[in-house]
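Q: Got a minute to walk through this one with me? I have short questions, in no special order.

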Amino acid sequence: MKCAIILAGGKGTRMKSEKPKVMCEVIFEPMLYYVVSAVKEAGVEDICIITGYEHETVEEYLAKLDTNIKTALQSPQLGTGHAVMQARAFIKGHTGDDILVLNGDGPLIDAETINKSYKYHKDNNNAITLLSAVVDDTVGIGHIKRDKNGTLLRIVEDKDANEEEKKIKESNAGMYWFKGESLLYAIDNITNENAQNEYYLTDALEILIKKGENKGAYIAENSEVILGANDRVQLNGLNTIMRRNINNSHMLNGVDIPCTDGVMIGKNVKIGNSTQILPNTIIIGDTEIGENCVIGPNTYISNAKIGEGVILDNCKVLDSEIQDGVDCGPFVKVRANSVLKKGVHIGNFVEVKNSIVAEGTKAAHLTYIGDSDVGQDVNFGCGTVTCNYDGKVKSRCTIGDGVFIGCNTNLIAPVTVGDRAYIAAGSTITEDIPADALSVARAYQHNKEGWVIKKKPYKEKK
């Protein structure tokens, strides 16, 4: 059985954030989210996360993410070895299993690397397996020292390395596979006899070598997977890599992104073949988009289900469903709990909120549809408003099939408009309208001839 301990207690001082470091975001998700996701995708069955700074924030997030994840608090924070010590009860429960230890601020780690390193760990019957990567920048890294045969000898921290050791480009990634019983032995023997008086997990390697256990270091095929971030500049770098990786994945699956400028797509988003994503488009959450759509430019979608053949031009869509053949935009907002059914047309400067709009209905411009149930083939004239809030409660409007609503109409909810009814332009509707009726609800027009000449409400120009 594969288990994992994720270290997530750091403050991240250089981030200059009140949030714990692991809660700083990459593509709108905390870094910790990606680590947990990769571990789960690798088939790890039991996870314990070590919290520390602002631990309540992390624990609250984890409770929403997965109630099966265990946590242990590290307080005070006295090094990586000390962090793992807080999971002693978890480790004791898994002495016969293999335990992965990794950092919660490394969002680029993936399931493929985790599983390949695990295979190496098992094939070599190792008590400890380090993940390493060959890097160009060797400043500050933990250098992996091997003998002439490639056998792992030790980790040499950069500050302790001699000139030859500083040239070693193989870097310790801070991720380890342990046999459970070996990890328990290691943490029981790690000491804080160093300048910082802290307990370092890297000491586990030497402890297990002295015990005569097998050890090894698996070199990651892609060195980017080991990257983390200590400040906002490095966090920006992680965003850039993650954005590129996700966009490339979609393009390889048949999604057309002719220009990736400003295109940000979340990890869980699903997009169908031959859909085109245009610049400055952000798609996040559990969003699904069908085939042959045109999304963007300048469009934001979160937790929405989009059908096939949909056009969204300069739109914002939140927690809603848009069915096949819908055409929206430009400058349209579809708010939570809305459904736009097949063939609906929503034009410029229209907002839809908590409403169901049935097949073939059109709202071409300057309209608000809120808390409403709208039938098929309805025509909303320019400037139509469903007045759904009276200052205390929100009420719904019901509009039947085939209704024609004239421009600048106000529907004062709750009100029902029957099938095929017509509403004259400029009307304020406060009562139900029966099917097939024409409703006119506006003040009588009275022209006072000569009024301007007599009253002169303006100053004449000299």
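Q: Start with Glu165. Buried or exposed?
A: This is a predicted model. In it, Glu165 is buried, because its relative accessibility is 7% and the cut-off for buried is under 20%.

Q: Which element does Glu165 lie in?
A: Helix 6, residues 163–166.

Q: What does Glu165 touch, leaving out residues up to four places away in sequence?
A: His143, Lys145, Arg154, Val156 and Asp160.

Q: And how far apart are the C-alpha atoms of Glu165 and Glu59?
A: They are separated by 40 Å. Along the chain, the two residues are 106 apart.

Q: Lys166 is in a salt bridge, right? Which residue is the partner?
A: Asp158. The closest N and O atoms are 3.8 Å apart.

Q: How do the two ends compare for accessibility, buried or partly exposed?
A: Lys166 is partly exposed, with a relative accessible area of 27%. Asp158 is buried, at 15%.

Q: How many salt bridges are there by this rule?
A: The count comes to 22.

Q: Why would such side chains pair at all?
A: Side chains of opposite charge can pair when their charged atoms come close.

Q: Give me one inside a helix. Which residue does Lys116 bridge to?
A: Glu112, with 3.0 Å from N to O. Both residues lie in helix 5, residues 111–123. They are 4 residues apart, about one turn of the helix.

Q: Buried or partly exposed, that pair?
A: Lys116 counts as partly exposed at 30% relative accessibility. Glu112 counts as partly exposed too, at 48%.

Q: Now one that links distant parts of the chain. Where do Arg396 and Asp373 lie?
A: Their side chains meet in a salt bridge, 3.0 Å from N to O. Arg396 is in the loop between strand 31 (385–387) and strand 32 (397–399). Asp373 is in strand 29, residues 372–374. The two are 23 residues apart.

Q: What are the accessible areas of Arg396 and Asp373?
A: Arg396 has a relative accessible area of 31% and is partly exposed. Asp373 is partly exposed as well, at 29%.

Q: Which residues are joined into one network by salt bridges that share partners?
A: Glu112, Lys116 and Glu221.

Q: New topic, the sheet. What is the strand order?
A: The order is 13-16-19-22-25-27-29-32-35. That is 9 strands in an open sheet, and the pairing is parallel.

Q: Which strands stand at the edges?
A: Strand 13 (270–271) and strand 35 (415–417). Each has a single partner strand, so one side of each is left without a neighbour in the sheet.

Q: Zoom in on strand 16 and strand 19. How many bridges?
A: They pair over 2 bridges, in the parallel sense. Strand 16 covers residues 288–289 and strand 19 covers residues 305–306.

Q: Which residue in strand 19 stands opposite Glu288?
A: Lys305.

Q: What about the surface? Which residues form a nonpolar patch?
A: Phe404, Tyr422, Leu438 and Val440 form one, with about 410 Å² of accessible area together.

Q: Where is Val440 found?
A: In the loop between strand 38 (438–439) and helix 10 (451–455).

Q: Last one, Asn239. Buried or exposed?
A: Buried, with a relative accessible area of 18%. Asn239 lies in helix 9, residues 232–252.

Q: And which residues does Asn239 touch, not counting those up to four places away?
A: Glu25, Val26, Ile27 and Met264.

Technical notes:
Residues numbered from 1 in each chain as written. Predicted model: local features only at pLDDT ≥ 70, side-chain atom pairs only at ≥ 80, totals over all residues. Heavy atoms only, no water. Buried < 20%, exposed > 50% of the residue type's maximum accessible area, 1.4 Å probe, protein only. Contact = heavy atoms within 4.5 Å. Salt bridge = Lys/Arg side-chain N within 4 Å of Asp/Glu carboxyl O. Patch = residues over 30% accessible without salt bridge, like charges linked within 9 Å, V, L, I, M, F, W, Y side chains within 5 Å. Areas by Shrake-Rupley, 256 points an atom, 1.4 Å probe, with all protein chains shown as cover. Pairing = 2+ DSSP bridges.
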